[in-house]
Amino acid sequence: MNHYVYADNAATTAVSKKVLDAMMPYLTEFYGNPSSLYSISNVTKKAIEDARNTIAKCINAISKEIYFVSGGSEADNWAIKCGAMISENKGKKHIITTAFEHHAVLHSVESLRKQGFEVTYLDVHENGLVRVEELEKAIREDTALVSIMYANNEIGTIQPIEKIGAICRKHKVLFHTDAVQAVGNVPIDVVKQNIDMLSMSGHKFHAPKGIGALYIRKGINLKNLIDGGAQERNKRAGTENVASIVGMAAALQEACNNMEERNKRLTAMRNRLAEGLSKIEHSRINGDMTNRLAGNLNMCFEGIEGESLLLSLDLKGIASSSGSACTSGSLDPSHVLLAIGLPHEIAHGSLRLTFSDDNTEEDIDYILEVVPQIVTRLRSMSPLWDKIIKENN
Amino acid sequence: MAYSEKVMEHFANPRNVGELEDANGIGEVGNSKCGDIMKMYIKIENGIIEKVSFKTFGCGAAIATSSMATELIKGKSISEALKLTNKAVMEALDGLPPVKVHCSVLAEQAIKAAISDYYTRQGIDPKAIVGEINECCHDHNADGSCSVCG
C-alpha cells in the first residue's frame, strides 16, 4: 500500500514514543504494587502522585481532585450515577443533558430514568451547540445534575462550557462535563469554568487505552462506583494501572505544552480539507465550524451510505469513521446527526475525519484526491443518487 | 464486525453494476430512511434470465449481496431464480455478520420484485407465482411498522 492515512484520531490515537518511554520503567523495573510497603513500591506510589499533579495542573485543578479510573466510560458512569444521588434525599430527581452525548452518558442517564429520574434533553440545534438560555430555562427546583459534553465526539462542536458552568453554579446545580474529546485539545480551567466533575480518557491524546480520570471538585462527596481496596483515597478500588497513569500524564503534558501551535496547524489543514471536499455537489459540513475541535471534520454526501464510503476509503488506505466507533454495528444512523436535525437518509452518508499531531499536509492531499473519486463511484451505483438528481432537475 | 474476504471482494469489484437498458423487469426494495435501496434489472427471454444488473444504495454488505445475487441468477430460469434464498446468497459470500443478514433478505426480495415486474408487464398477475414481497427488511414493531424506518 502506497499511502496509509490514519484519520480517526477521535476514536483513538497512537501512543507516542515519548509516552511509551515514560511508561516502560513501570512495566519492567518498577512493577511494585503501590499499596505494598517495600521500596520499589515507593517509586510507583510517587509516580502516581506526580502524574496526578501533572494532570491536575493541566486543567487548573488540585491534585487530590483527580481520581484515576479505567477510561471515559467509567468516569461518565461514576459522575452521573453517583452524582445524581447526592441530592436525591432532598427530593431532587431531575437531570439535564443533551441528545447528542456519548452513549456512556446517555445510557447512564437512561439507567437513572428507569430508577425514577426525570430527564430533560436540551436541543443542540443545527449548529450542534447548546443555547445557555435554554439551559437556564430547563433548570428546576429539583434538578440534581447537569451533564453536557465539552466537545462532541462526532462533529467536534465545543459547547459554551464557561457559561454553562456559571449558570449551574448560580442555581447550585451539580455540573458534569464529558470532556473526553476536549482534554488536551482545548484549554480547560475547571475553576474559571465552574466545572464540578470532568471526565477524561487517556487514549484520545496519545496515552494508552484503559486509563482515564474523573476530576471531582473538592467538597463534592461522590459515592463510590467501584468498591474494594483503599486505592484512590478510598474512592476507587483496584490496583492502580501505574504505567498507564504515568503515560497519561506524560501525554497530557505534551498535548498541553504545544496546544496552541498544534491547533493552529490542524485548523488550517482541516479548513483546507473542508473547502476541497465541499466542492463535491450535494455535500454538507455538519456542525459549527467556529466553535469546533481543530482536528475534526464531519461531512455528509447525499446519495451514498457511510459504511460503503468507509470501506472504500479503507481499501485506499484511509482510516476514517462514520458516526462513532462505538455505534458501528448498529443500523441506525448517527444519533448525533439526527440530534442536529439531519433527515435519516442524509445522516446515513456521513464521514468523520479526525486528525492529530501525527497527520501531515500530504495526508490531506491524499484524502482530497481519493474521497471525490469514491463518492463518484458509489453514486454511480446508487439508485438514491439517481432520484436526487431527478428531483433537482 | 468483520466481513469475509468474499464480501470484500464483491464489494470492491461488484459484478453486474448499472442499469440495463433493455430490461423487461425492474424491481426496487428497501428505502433511504433505512439506509439501503436495491434496484434489480432483468432481461428475461424464453423464461431464462439472460441479463441481470443492479444499482444499490447501502452498506458494504448491501452491495456485496446485490452483486452475488445477480451472479447466482444469471442464466437461470425464472423458477430457479425464485428459489434463491437469502441463505444461499449468504453462504456464497462465506457468511455475513448477524447485523447484516437483512441485506441478503433484501437481495432475495429485489430479485422477486424484478420478476414480479416482469410478469406484470406481461399482463400476468405475479402474486400467485412470486408471492408477497417485503419491501423493507428490518424487524417489525407490534403494529407492523418497521422498527428502524417507523
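1. Gly25(B) and Ile42(B) face each other across two strands of this predicted model. Ile42(B) belongs to β2(B). The partner strand is β1(B), residues 25-31, and 7 bridges join β1(B) to β2(B). The two strands run antiparallel. Between them lies a hairpin with 4 residues, in which Gly35(B) has a positive phi near 100°.

2. β2(B) also pairs with β3(B), residues 48-57. Here 9 bridges are found, and this pair is antiparallel too. One facing pair is Met38(B) and Thr56(B), the latter in β3(B). The hairpin between β2(B) and β3(B) has 2 residues between the strands, and Asn46(B) takes a positive phi near 50° there.

3. Is β2(B) mostly covered or mostly open? β2(B) spans residues 36-45, and 8 of its 10 residues are buried, so by the under 20% cut-off for relative accessible area the strand is mostly covered. When looking along a strand, keep a general point in mind. In a regular strand the side chains alternate between the two faces of the sheet.

4. The next topic is the contact between the chains. How many residues of chain B are in contact with chain A? The count is 29 residues of chain B against 23 residues of chain A. Together the two chains bury about 2100 Å², and 67% of this area is on carbon and sulfur atoms. In chain B, the residues that lose the most area to chain A are Phe11(B), Lys55(B) and Phe57(B), which together make up 27% of what that side buries.

5. Polar links also cross this interface. There are 3 salt bridges between chain B and chain A. One of them joins the side chains of Glu307(A) and Lys100(B), with 2.8 Å from N to O. In addition, 14 residue pairs across the interface are in polar contact, counting pairs with both residues at pLDDT 80 or more. On the side of chain B that touches chain A, the elements giving two or more residues are α1 (5-12), β2, β3 and α2 (60-73). Of these, β3(B) gives the most, with 4 residues.

6. Which disulfides does the structure contain? A search over all chains finds 0. Cys256(A) is in no disulfide, and the nearest cysteine sulfur, that of Cys58(A), is 3.6 Å away. A disulfide needs two cysteine sulfur atoms within 2.5 Å, so this pair does not qualify. Cys103(B) is likewise in no disulfide, with the sulfur of Cys59(B) as the nearest at 3.7 Å. As for accessibility, Cys256(A) is partly exposed at a relative accessible area of 24%, whereas Cys103(B) is buried at 0%.

7. Two loop residues of chain A are worth locating. Thr157(A) sits in the loop between β5 (143-147) and α7 (161-170). Is Thr157(A) buried or exposed? Its relative accessible area is 0%, so Thr157(A) is buried. Apart from neighbours within four places in sequence, its contacts include Phe100(A), Asn127(A), Tyr150(A), Asp288(A) and Arg292(A).

8. Asn194(A) lies in the loop between β6 (174-178) and β7 (197-201) of chain A. Its relative accessibility is 18%, and Asn194(A) counts as buried because the limit is under 20%. Leaving out neighbours within four places in sequence, Asn194(A) is in contact with Gly165(A), Ala166(A), Arg169(A) and Phe175(A).

Technical notes. Residues numbered from 1 in each chain as written. Chains lettered and ligands numbered in written order. Predicted model: local features only at pLDDT ≥ 70, side-chain atom pairs only at ≥ 80, totals over all residues. Heavy atoms only, no water. Buried < 20%, exposed > 50% of the residue type's maximum accessible area, 1.4 Å probe, protein only. Pairing = 2+ DSSP bridges. Contact = heavy atoms within 4.5 Å. Buried area = accessible area lost by both parts, 1.4 Å probe. Salt bridge = Lys/Arg side-chain N within 4 Å of Asp/Glu carboxyl O. Polar contact = N/O pair within 3.5 Å; in protein donor to acceptor, adjacent residues only side chain to side chain.
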